[in-house]
Structure formats: structure tokens, C-alpha cells
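Visitor: Hello! Could you walk me through this model?
Guide: Gladly; let us look at it together.

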Amino acid sequence: MVLGVGGVPGGGQRVTPAAGGTRPRGGTRRDMTRRLLASAVGAALAPVAAACGRPPHTPDDGRQGGTFDETYRGRRIRGVEVRASGRAAAAQWKVTIDGRPLHLMRRADGSWLSMVDHYRSYSTPLAAARGAVDELGPDEQLRDLAPGPMGGAPEHGGGGHGVHA
Amino acid sequence: MAYTRKNVSRLTRTERRRFVDALLEVKRRGEYDEFVRTHIRYNTADGEHGLRTAHMTPSFLPWHRKLVLELERALRRVDDSVTVPYWDWTRDRTATSLPWTDDLMGGNGRRTDRQVMTGPFAYRAGHWRLNEGVTDRQYLTRDLGRARNPFDLPTARDLESALADPVYDTAPWNSTVTRGFRNKLEGWAPGRGSVSWHNHNRVHRWVGGVMVGGASVNDPVFWLHHSFIDLQWTRWQQRHREHRYLPAEPPGARDSQHGRIVARHERMPPWDVTPDQLEDMSEIYRYE
């Protein structure tokens, strides 16, 4: 199953907001056909799209709140912004790849990096997640990390210990 | 008497073998994986809360100096003739040059899954299984020069731009500072893509595979790289003798970096040692 391909072949570079997002998915038969087609070829084309280096669409701006859910290079990437109650600034992202939590971290300049790809950073959580996928080999999966002494590893099953916007 | 760390290109055949054998023995004893765990655990980035000791912080250099020193002690418990050599990536710059030989680090990863298939650290050689990591991969991986979108190792000129800065580090003491030796060497810079990866960071990315992740210690070239980074600190000290590790004092209570970095005389977790105590290594080791 390929979700979030967005109706465009090679749409691994695009994001479809989940329910409640700002960009409702198309509901026409033509849209449906295109989505099914995209589902069939999306995974195969995603690496090609990645190689084209198109800048990612980035609705996952921490200030807006949001989610993403897409298949990129055959991997299911999902992210959801979680806001701590009473603190508008304390936004956190929980991101998974194939259902397993990706440990995301934030740099002081507002960019993002992950434990898979630790020596560079990306402008959005989605871009950092794609960067992590780029580093994963065939059948390679993320592993849950025990919490570190510096609070730097994700809570078990929590999908990230919380990255503070 | 101080021992000597050598350029890996100057090791004799016997020295190469003894270095590799000591690494494999430290791994066999289970001690190696503790170094991997330590590096994974001390990963705090500067956009988050908490004390940073290893990356994006002034103590990047003393923290890794201590880590290399501890690995070297473990190696020397196995074989006291062994020291950690350094890889001068300004000179040995290709995927087939040193240290990527079968009697040292082994070669590049294969194209399909980036698995290293040659040398003593190849999974199939039976001595190097990755037990600690951010993924479930058990074999060592590399993608030297990044085949899909190639870029070059840092140059001597890149290194010189860091060494020429007389100030060790500057406020706000993180990955955003554009002045100061520490971050110019660590390599966080503005911009997008490979132009923003400098010196230390760029080398991690050039090696690729496990070297780009928080478990980069799983690739033994980590030590050769950080031995060379450590040498740059020594060179910087020799060139700027009136300058020292900064900050000398902890940031004040109203400073955004209060409690988040290690000042010169503060303890640097996980060890009971201060940057001040790690500035002069001349009685323990020297570089050839």
C-alpha cells in the first residue's frame, strides 16, 4: 500500500496532508485512477524523483502544525506535530519510518537532523526523514534506542523524545 | 615516556597487523561496543535542551580526544606497541588509497547494499558484527565519496581556514557560530547540500554508510579520522600559543547556553575530567 503519493507519478517528493490538513485529497474518479496508478509505480519511481533533487514541498512547518504521510523510496514515512498543552512554542515531531520511531533532533538554526544521518541537517522534519531513508539499505530498519543520559534518545515507543521548536 | 601516533601511511606491515589485531581483540572482548554506545548516547543537538558535550559544542575536541584516548588504552592493554594512527584525508583522498586497503580498514561498500566485503572488518570475515546501532544492520557499510552524488574530501586549504583562526570558539558556542577554530573544524556551516559540510563533518559524510550516523564508531576508520582531528587541535595550539580552550568560565544564569556547555574547568561527562586537563597531552602521546 502506498499512501500520500499525491496522484502524481514520482510523487515521492510530495506530501499529502492527513485528515484535517489544508490540502484535501482529490475525490474524482480521475483522481482515483491517477492515485491507483501512482500507487503501482510510486515506489519504483521514488528513487528517480529523489535523484532529480526537486526541493521538497514543506507543509510541515512547525508553526503551522501538521502531519505528513508518504512513501519515499519504498518506505512509509509518517510524521505528526505534537504540541505540548499550554506552551505554544513547545512543538514536537514524532516521525516514523515503516512504523519505527526516527530519532529527530533540532539544531539551533531551526534545521533538523536524525540519528541515522547525524553530520548534516535539513530544513524540515520531512526532509530529515527522507535523508534518513536515503541512508537505509534494503530491508534495513530503525532500532529503538534506549534513552540517553543527556535526554537525547527517544522514549520507548514514543516515536521521539520530543524536539522543541 | 610519551608514545607516538603515526600517519597511517607510515605504518610498517607489522604495525598495521598489530593495530588491526588489537582492534579485533577489543571487539571480541566486548569493550568496543561500549565506545559505540557512548557516542550514541551523547548526541544532544544544540536546538534542544540539556548539556552538550560531544557535538555542536566547545568540548567537541576534548570529548573526542578523551574517547580516542580511552580506545587507545583498551588497544594497548591488548598490545602495548599499538597507538591510534591518523588518516590525513588532505593527502590520501581516493576510495582506493590508504587506509582502504585489505590489511587496514578494508575497502568500499558494494553497490547493492553498501556492505563492506573486503578486509578484516567485513562481516563475512567473522570478527566484526555491529551489535550497537541506530538500525538493525549487522554489517559494516560504506559509500566512499557517495557514488550517487559524488563530492570530494576536504582539502588542505579547508583545514587551513580553521587552523588560521586564533580564537578557539565563540558565543553562542554552538553549530551556528561562524568564527572560531572549533566549529570551523567540526564543520557546521550555513547553506544547503555538500557546500555546507566542512572538515570533520564532511569526512564522515564522504565515508558514508555507518559513518554518517550516531553509531559512526562502528566503522574503525572513525578512530583514524578523529586522531587526525585531534592532531589539528595540537597544531592549532602550537600556532596560537597565547590562546586556549574557551569558554574559560561557564555562561551566566541568564545566558541561553547556561548549563548547556562545558567551560574550561568544568567536568565533561561521561568522564570525570575537564577540558583544561585535556589540553596538554604531551606527556601521554605526541604526533609524528
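Visitor: Leaving aside neighbours within four places in sequence, which residues is L224(B) in contact with?
Guide: This is a predicted model, in which local features need pLDDT of at least 70, side-chain atom pairs count only at pLDDT 80 or more, and totals for chains, interfaces and linings use all residues. Residues are numbered from 1 along each chain as its sequence is written, while chains are lettered from A and ligands numbered from 1 in the order in which they are written. Two residues are in contact if their C-beta atoms, placed from the backbone, lie within 7 Å. With neighbours within four places set aside, the partners of L224(B) are V8(B), P85(B), Y86(B), W87(B) and P99(B).

Visitor: Is L224(B) buried or exposed?
Guide: L224(B) sits in helix α7 (residues 221-239) of chain B, where helices (H or I, at least four residues) and strands (E, at least two) are DSSP runs numbered from the N terminus. The scale is this: 20 or more other C-beta atoms within 10 Å of a residue's own, placed from the backbone, make it buried, 12 or fewer exposed, and anything in between partly exposed. Because L224(B) has 25 other C-beta atoms within 10 Å, it is buried.

Visitor: What percentage of residues 219-230 of chain B is helix?
Guide: In an unreviewed UniProt entry, the annotation "domain: Tyrosinase copper-binding" covers residues 55-72 and 219-230 of chain B; positions follow the numbering used here, feature names are shortened, and annotations may be inferred rather than shown by experiment. Residues 55-72 of chain B are 72% helix and 0% strand, with end C-alpha atoms 21 Å apart. For residues 219-230 of chain B, the end C-alpha atoms are 18 Å apart, strand is 0% and helix is 83%.

Visitor: How many residues of α6(B) are buried?
Guide: The buried residues of α6(B) include H200(B), H204(B) and W206(B). Their cover includes α4 (156-163), α5 (181-186) and α7 of chain B. Just after α6(B), G208(B) has a positive phi of about 70°. The helix α6(B) is mostly covered, and its buried residues number nine of nine.

Visitor: Which element gives the most to the side of chain B that touches chain A?
Guide: Here 30 residues of chain B are in contact with 29 residues of chain A. On chain B, the elements giving two or more residues to that side are α2 (32-41) and α6 (199-207). With three residues, the element that gives the most is α6(B).

Visitor: How are α1(B) and α3(B) oriented to each other?
Guide: Two packed helices are described by the angle between their axes and the distance between the axes. The axes of α1 (residues 13-28) and α3 (residues 60-78) of chain B, lines fitted to C-alpha atoms over the stretch in contact, come within 9 Å and cross at roughly 100°, where angles run from 0 to 180 degrees between N-to-C directions. Angles under 35 degrees count as roughly parallel, over 145 as roughly antiparallel, 65 to 115 as roughly perpendicular and the rest as oblique. The crossing angle therefore makes α1(B) and α3(B) roughly perpendicular.

Visitor: What pattern does chain A follow along the sequence?
Guide: Of the 165 residues in chain A, 45% count as buried. Chain A has two helices and six strands. Read along the sequence, they follow the pattern α-β-β-β-β-β-β-α.
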